[in-house]
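Here are some exercises to help you find your way around a new structure. Try each one yourself before reading the solution.

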Amino acid sequence: MTVHPSLQNYADAWTHSIEAIAELVQPLPEATWNRPTPCPGWSVRDIVSHVIGMETEMLGDPRPIHALPRDLYHVRTDFARYMEVQVDARRHHTAPEMTAELEYVLIRRARQLRNENRSPDHLIRAPLGAEQTLELGYRMRAFDVWVHEQDLRAALGAPGNLDAPGALVTRDVLLEAMPDVVARRAGAPASSAVVLDVSGPVEFLRTVRVDAEGRGSIDGAPSLGPAVTLATDWETFVRLACGRVRPADVADRVKVEGDEALATAILDNIAVTPS
């Protein structure tokens, strides 16, 4: 590997998850590719199409010229429409076509990683014509492929890798979003604190603090008098924060202590992945 040290962790996590995805889907019969996943509106084929499409964009390939149908109920935003193009363009591809394209993209991306000599702050293409640093691009690909690996595992009844390197990247990405969830979206009062107590393969205790001006921050120090404590397991936290399940559907897996109204507001706004 010639990847910059600050990129290596993300490259390793991405490699682990995407190789797991390839292994999961390689033997699937044609009908299984149409099986729904927890990702709203997407089948097994759609998840793999999305992964392929995003990796080709990391390679700098041109995007497909493709008009979306008007009846895709899950496509409600410009970001979702952007993501859906790579998916819908492959909706009629066969299982052998999907696995062959995935394998080819993996070979190309592995070569790109081996030969990577750009700096972490080098600007690359991001969705919707924006730009992002190479480091952020690597990080978000590691996050994305691990979450979609879990989507596929749920759909295929093949649990695993909940503590993989990509899980740790995902933990950090999701926790960075929690101050905004608590302070801005849920409207937690000034000078309050909310504790997140997550157990399981990836466990952590974090406190989201809202300062006197209503700004949120997060740290690992305990709070003596939190307004709310939310306790759940790692898999449930991921499913909630990634919008894979509604809070009501996992109420038995989330323990709430403190202000019930604030806890409800936080859970109702906890999904942070764009749609």
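**Exercise 1.** Work out whether Ala89 is buried, partly exposed or exposed, and find what it touches further along the chain.

*Solution.* This is a predicted model, so keep that in mind throughout.
- Step 1: start with the location. Ala89 sits in the loop between helix 3 and helix 4.
- Step 2: take the relative accessible area, which for Ala89 is 28%. Buried means under 20% and exposed means over 50%, so Ala89 counts as partly exposed.
- Step 3: look for contacts, skipping neighbours within four places in sequence. Ala89 is then in contact with Pro64 and His66.
- Step 4: check a distance across the chain. Ala89 and Ile65 are 24 residues apart in sequence, and their C-alpha atoms are separated by 8.6 Å.

**Exercise 2.** Follow the contact from Ala89 to Pro64, and then place Pro64 in the chain.

*Solution.*
- Step 1: Pro64 belongs to the loop between helix 2 (44-58) and helix 3.
- Step 2: Pro64 has 28% relative accessibility, so it counts as partly exposed.
- Step 3: leaving out neighbours within four places in sequence, Pro64 is in contact with Val85, Gln86 and Ala89.
- Step 4: now look the other way along the chain. Gly53 is 11 residues from Pro64 in sequence, and the two are 9.1 Å apart, C-alpha to C-alpha.

**Exercise 3.** Decide whether Val85 is buried or exposed, and list its contacts beyond four places in sequence.

*Solution.*
- Step 1: Val85 is part of helix 3 (residues 78-88).
- Step 2: its relative accessible area is 10%, so Val85 is buried.
- Step 3: not counting residues up to four places away, Val85 touches Arg63, Pro64, His66 and Leu68.
- Step 4: for a distance, try Pro69. Val85 and Pro69 are 16 residues apart along the chain, with 9.9 Å between their C-alpha atoms.

**Exercise 4.** Describe how helix 1 and helix 5 pack.

*Solution.* Two packed helices are described by the angle between their axes and the distance between the axes.
- Step 1: helix 1 (residues 5-25) and helix 5 (residues 134-156) pack at an angle of about 25°, and their axes are 8 Å apart.
- Step 2: that angle makes helix 1 roughly parallel to helix 5.
- Step 3: the two helices make a left-handed crossing.
- Step 4: sort the contact residues by class. The contact of helix 1 with helix 5 has 17 nonpolar, 2 polar and 5 charged residues.
- Step 5: put some names to them. On the helix 1 side, the residues include Tyr10, Trp14 and Val25, and on the helix 5 side they include Tyr138, Trp146 and Leu152.

**Exercise 5.** Find out which residues have the most contacts inside the largest nonpolar core.

*Solution.*
- Step 1: the largest nonpolar core has 77 residues.
- Step 2: those with the most contacts inside it are Val25, Tyr138, Met178, Trp234 and Phe237.
- Step 3: take Val25 as an example. Leaving aside neighbours within four places in sequence, Val25 is in contact with Trp33, Val44, Val48, Thr99, Leu102 and Leu152.

**Exercise 6.** Do the packing analysis again, this time for helix 6 and helix 7.

*Solution.*
- Step 1: helix 6 and helix 7 (residues 234-241) pack at an angle of about 55°, with their axes 11 Å apart.
- Step 2: helix 6 and helix 7 are therefore oblique to each other.
- Step 3: helix 6 passes helix 7 in a left-handed crossing.
- Step 4: the contact is made by residues including Leu174 and Met178 of helix 6, and Trp234 and Phe237 of helix 7.
- Step 5: by class, the contact of helix 6 with helix 7 has 8 nonpolar, 1 polar and 1 charged residues.

**Exercise 7.** Look up the backbone phi of Leu128 and of Ser191, and say how exposed Leu128 and Ser191 are.

*Solution.*
- Step 1: Leu128 is not a glycine, yet it has a positive phi of about 65°.
- Step 2: Leu128 lies in the loop between strand 1 (123-125) and strand 2 (131-133). With 49% relative accessibility, Leu128 counts as partly exposed.
- Step 3: Ser191 is not a glycine either, and it has a positive phi of about 60°.
- Step 4: Ser191 is in the loop between helix 6 (165-185) and strand 3 (192-199). Its relative accessible area is 60%, so Ser191 is exposed.

Note on methods. Residues are numbered from 1 along each chain as its sequence is written. This is a predicted model: local features need pLDDT of at least 70, side-chain atom pairs count only at pLDDT 80 or more; totals for chains, interfaces and linings use all residues. Side-chain values use heavy atoms; hydrogens and water are left out. Axes are lines fitted to C-alpha atoms, for helices over the stretch in contact, and angles run from 0 to 180 degrees between N-to-C directions. Helices (H or I, at least four residues) and strands (E, at least two) are DSSP runs, numbered from the N terminus. Angles under 35 degrees count as roughly parallel, over 145 as roughly antiparallel, 65 to 115 as roughly perpendicular and the rest as oblique. A crossing is left-handed if the near helix is turned anticlockwise from the far one by less than a right angle, and right-handed if clockwise. Contact means heavy atoms within 4.5 Å. Ala, Val, Leu, Ile, Met, Phe, Trp, Tyr, Cys and Pro count as nonpolar, Asp, Glu, Lys and Arg as charged, and the others, Gly among them, as polar. A nonpolar core is a set of buried Ala, Val, Leu, Ile, Met, Phe, Trp, Tyr and Cys residues joined through side-chain atoms within 4.5 Å. Buried means under 20% relative accessible area, exposed over 50%, partly exposed in between (1.4 Å probe, protein chains only).
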